[in-house]
Amino acid sequence: MNNTPRTSSGGIEVGRRVERGISFFDQRPRKDKSRLFGRSEELNRLVNALHAKSWVAILGPRMAGKTSLALAGANSFAEEMKYRVIFVDLRNTETSRQATEKILGRLPKSILETLTKYIAEVSLSAGGTGGGVRLRENAAAKNALEDALFSLKNTILILDEVQNVKQGVNSFLKALATAFNENDSLLVIFTGSYAGVVKKLFEATHRDSFYGRPPIEILLPPWPEWVAVEFLRKGFEKCGVDFTQREIQETLWRLGTLPGWLNLYGLRRCLGASHEEALQRVFEKAVNEALRELEHFLEGRSPKAREVIKRLTYGATWGELEKTGISKDTLSRLLDALTGELFAVVKDDIGVYRFSDPIYRYAAERLSLSPKAK
């Protein structure tokens, strides 16, 4: 018999409480600062940077809430300063040309009408913004992007998951640099990791257009444990879910403290799932996604990289990782990518590399030493 004291919001009007709780655990990104939980310091830094006319890069692991912070901060600034916010999702975008088409696809019709020499086809959404844009085959994406960005006045452009743009990065950066230098009323927020476009931005040298003007960096780590506990407690109280401290601690032990996974667990509880059911469903989803991410990360890398990741499951020193037979240079690049692109690995004070998040640790346990056949 479980004698752990249970905590409940009590009372009646359960239906209204469940509705509010579901809203609290909304799976969509938070767009208003009043609904952004546990990120007040980062929110203030973002808004202050925008007031200083700085461009900003919000960096961190998946499910940390980068998109929510970008939208909530941008909307707060935009409301005060009478700016417009344009959000572009670049998750499945690999080339600068594809990125340009997606950006154009989010612009108002009035701006697209000034870019007809570049555009072959436009399909407009009901709201009057471009739902889909295809550039002419002979049109230079860089020139189209430069002209488009120059036309955006009093605008915050959010480029979400920009690290996926890997091909044509230099021309993409040149267009952004031109906009930075020539359009004072355009602000850009990048979200993602230290890869692709963002890595190039921070590695700028005196030969590059962005020299001396890298974006302001805001790193979004997992929540401290006390913030994660308060998040779940507050949400459960809003939807009238009984819970125990043991259930919360078990959830943090298995899922970690990334907001996204805790949010999904909380939503399942509010919709009637038991602690065990909600935790297991979210845990399996999270581990499977992390495993797919690790498999994708390993594509094209040294076969020894798999063994390195397996050894990181329980922590390993540099010397222990070298025993896999991987070269020093390859190991260095691999660890840099694991820490800066996935934000999944940390090095502790005694020199041990380990997964910082339990979900990646469980995923590494399931990782095969042989790549899956395609």
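Which residues does leucine 159 touch, not counting residues up to four places away in sequence? In this predicted model, leucine 159 touches Val88, Leu90, Ile103, Phe172, Leu176, Val188, Ile189, Phe190 and Thr191. Leu159 and Phe190 are the residues with the most contacts inside the largest nonpolar core, which has 122 residues. Helix α12 (residues 275–298) supplies the largest share of this core, eleven residues. In soluble globular proteins, nonpolar side chains tend to be buried together.

The overall composition of the chain was examined next. The protein chain comprises 16 helices and twelve strands. Of its 374 residues, 49% count as buried. Among contacts in the protein chain with a separation of 6 or more, 72% are accounted for by residues 24 or more positions apart.

Two of the sheets are described here. Five strands make up an open sheet with parallel pairing, in the order β3-β6-β7-β2-β8. The edges of this sheet are held by β3 (84–89) and β8 (216–219); each has a single partner strand, so one side of each is left without a neighbour in the sheet. On average, and with direction ignored, neighbouring strands of the sheet are turned by 15 degrees against each other. Strands of a sheet pair through backbone hydrogen bonds, either parallel or antiparallel.

Within the five-strand sheet, strand β2 (residues 56–59) pairs with strand β7 (residues 186–192) in the parallel sense over four bridges. Valine 56 has isoleucine 189 as its bridge partner in β7, and isoleucine 58 stands opposite threonine 191 in that strand. Strand β2 also pairs with β8, again in the parallel sense and over four bridges, with valine 56 opposite isoleucine 216 in β8. Both isoleucine 189 and threonine 191 belong to the set of residues touched by leucine 159.

The side chains of β2 were then considered. In a regular strand the side chains alternate between the two faces of the sheet. Val56 and Ile58 point one way from β2, whereas Ala57 and Leu59 point the other way, and all are buried. Helix α2 (residues 40–51) lies across β2, β6 (155–160), β7 and β8, and runs at about 170 degrees to β8.

The loop between α2 and β2 contains lysine 53. Phi of lysine 53 is near 65 degrees, a positive value in a residue other than glycine. Most residues other than glycine have a negative phi, and most peptide bonds are trans. Lysine 53 has a relative accessible area of 41% and is therefore partly exposed.

The second sheet is an open one of three strands, in the order β10-β12-β11 and with antiparallel pairing. Strands β10 (316–317) and β11 (345–347) occupy its edges; because each has a single partner strand, one side of each is left without a neighbour in the sheet. Strand β10 and strand β12 (residues 352–355) run antiparallel and are joined by two bridges. Threonine 317 stands opposite valine 352 in β12.

A positive phi also occurs in the loop between α15 (328–340) and β11, where phenylalanine 343 is found. Phi of phenylalanine 343 is near 55 degrees, a positive value in a residue other than glycine. Phenylalanine 343 is buried, because its relative accessible area is 15% and buried means under 20%.

Helix packing was examined for α12. The axes of α12 and helix α13 (residues 304–312) come within 10 Å and cross at roughly 145 degrees, and the crossing is right-handed. On the α12 side, Leu294, Glu295, Phe297 and Leu298 meet Ala305, Arg306 and Ile309 of α13. The residues of this contact divide into five nonpolar, no polar and two charged.

Glutamate 277 is also placed in helix α12. With a relative accessibility of 41%, glutamate 277 counts as partly exposed. The C-alpha atoms of glutamate 277 and tyrosine 265 are separated by 9.5 Å, the two residues being twelve residues apart along the chain.

Note on methods:
Residues are numbered from 1 along each chain as its sequence is written. This is a predicted model: local features need pLDDT of at least 70, side-chain atom pairs count only at pLDDT 80 or more; totals for chains, interfaces and linings use all residues. Side-chain values use heavy atoms; hydrogens and water are left out. A nonpolar core is a set of buried Ala, Val, Leu, Ile, Met, Phe, Trp, Tyr and Cys residues joined through side-chain atoms within 4.5 Å. Buried means under 20% relative accessible area, exposed over 50%, partly exposed in between (1.4 Å probe, protein chains only). Contact means heavy atoms within 4.5 Å. Axes are lines fitted to C-alpha atoms, for helices over the stretch in contact, and angles run from 0 to 180 degrees between N-to-C directions. A crossing is left-handed if the near helix is turned anticlockwise from the far one by less than a right angle, and right-handed if clockwise. Ala, Val, Leu, Ile, Met, Phe, Trp, Tyr, Cys and Pro count as nonpolar, Asp, Glu, Lys and Arg as charged, and the others, Gly among them, as polar. Two strands pair if DSSP finds at least two bridges between them.
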